[in-house]
Amino acid sequence: MAGTHVNPTRMELTRLKRKLVTAVRGHKLLKDKRDELMRQFLELVRENKSLRERVEAGLGAANANFAMARAADRGAVLDTALLTPKQEVQLEAGVKNVMSVEIPVFTVKTRTPDPNDIYSYGFAFTSGDLDDAVRSLSELLPDLLRLAEVEKSCQLLAAEIEKTRRRVNALEHVMIPDMQENIRYITMKLDENERSTQIRLMKVKDMMLREAIEERRARSAEAAGG
Amino acid sequence: MYRIAVLGDRDSVYGFAALGLTVFPVEEETEGARLLRRLAEQTEEPYAVIYITEALAAKLEEEIDRLRERRFPAVIPIPGVSGNTGAGLRAVKKSVEQAVGSDIIFNN
């Protein structure tokens, strides 16, 4: 490259050549990684989109149900009914490795053995609307959890894809061309050096030859004269 | 064992309490930011998922962006009682743009 200075030596040339081989292999690997990440990402993001649309529609309906319940019951009744939950949801969080990106995998654990055991109140003092509301929300829970899993995975994958893409581009458009340019420069410089050595040698040989001829001529003239 | 939190205005979140998620009724920006940070950093019984209403999420964008690249917790915007603002889908779109360079999923 024009800007940086490289030593035009044979050692530098072998070093650069080895580096270029590594860079080309790295570039190929990273490109494969990017392509696979992209495939996985697109799959996940499509699921993410449809899940989100479903969840948002479901939550809208659940919220409407809760609005009905609020209209039917007094606030204090709702508070006592809902804020002392019987059920507790806990998550077992595992990790799945997708092309060295660790994405979360959730498994749900509920406190009571029956996951449908969600009504934390007696049915006597609350309206049926509240039961509907709670049920509509609980039906949405698996989707909500899957959404969390998928959406987080998408975010992590997106960040990794961006990073990988930058690396691929840096290798492809900067590192590798630079190295090739340097290698060409060194080869040319070395060839040039070799040629000039050759010429120098030829010149020296010429000079020596001329000297030898002149010497012999002088000697033969001397012999003729003597 | 991880837990699940729901943040947002009271009316939007208290339904989740019945399901056994941990709810935190909060509407105000500074309090929400402080709470979110506390939940994210908590190591004793950590939270793996934090659902947050779109209205509150819009105020806490900075905090949420900080958590984007961490594995836990997953901060997921959900529509609250005030209606769907489309912020959730916009966040997905942002991921697509980050990964692909342009939006190829939502451009219809």
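This passage describes the confidence of a predicted complex, the contact between chains A and B, and the setting of one residue, Val134(A).

The model is predicted; local features require a pLDDT of at least 70 and side-chain atom pairs a pLDDT of 80 or more, whereas totals for chains, interfaces and linings use all residues. Residues are numbered from 1 along each chain as its sequence is written, with chains lettered from A and ligands numbered from 1 in the order in which they are written.

The predictor assigns the complex a pTM of 0.81 and an ipTM of 0.87. For chain B, the mean pLDDT (the predictor's confidence in each residue, from 0 to 100) is 82, and 98% of the residues reach 70 or more. Among the elements of chain B (helices are DSSP runs of H or I of at least four residues, strands runs of E of at least two, numbered from the N terminus), strand 3 (residues 47-53) has the highest mean pLDDT, 88, and helix 1 (residues 10-19) the lowest, 80.

The contact (C-beta atoms, placed from the backbone, within 7 Å) involves 46 residues from chain A and 32 residues from chain B. On the side of chain A that touches chain B, at least two residues each come from helix 1 (10-72), strand 1 (89-98), strand 2 (101-110) and helix 3. Helix 3 of chain A supplies the largest share of this side, 17 residues. By residue class, this side of chain A comprises 27 nonpolar (Ala, Val, Leu, Ile, Met, Phe, Trp, Tyr, Cys and Pro), 10 charged (Asp, Glu, Lys and Arg) and nine polar residues (the others, Gly among them).

Val134(A) lies in helix 3 (residues 128-225) of chain A. Val134(A) is classed as buried because it has 26 C-beta neighbours inside 10 Å, the cut-offs being 20 or more other C-beta atoms within 10 Å for buried, 12 or fewer for exposed, and partly exposed in between, with C-beta atoms placed from the backbone. The C-alpha atoms of Val134(A) and Phe66(A) are 7.9 Å apart, with the two residues 68 apart in sequence.

Methods:
Contact = placed C-beta atoms within 7 Å.
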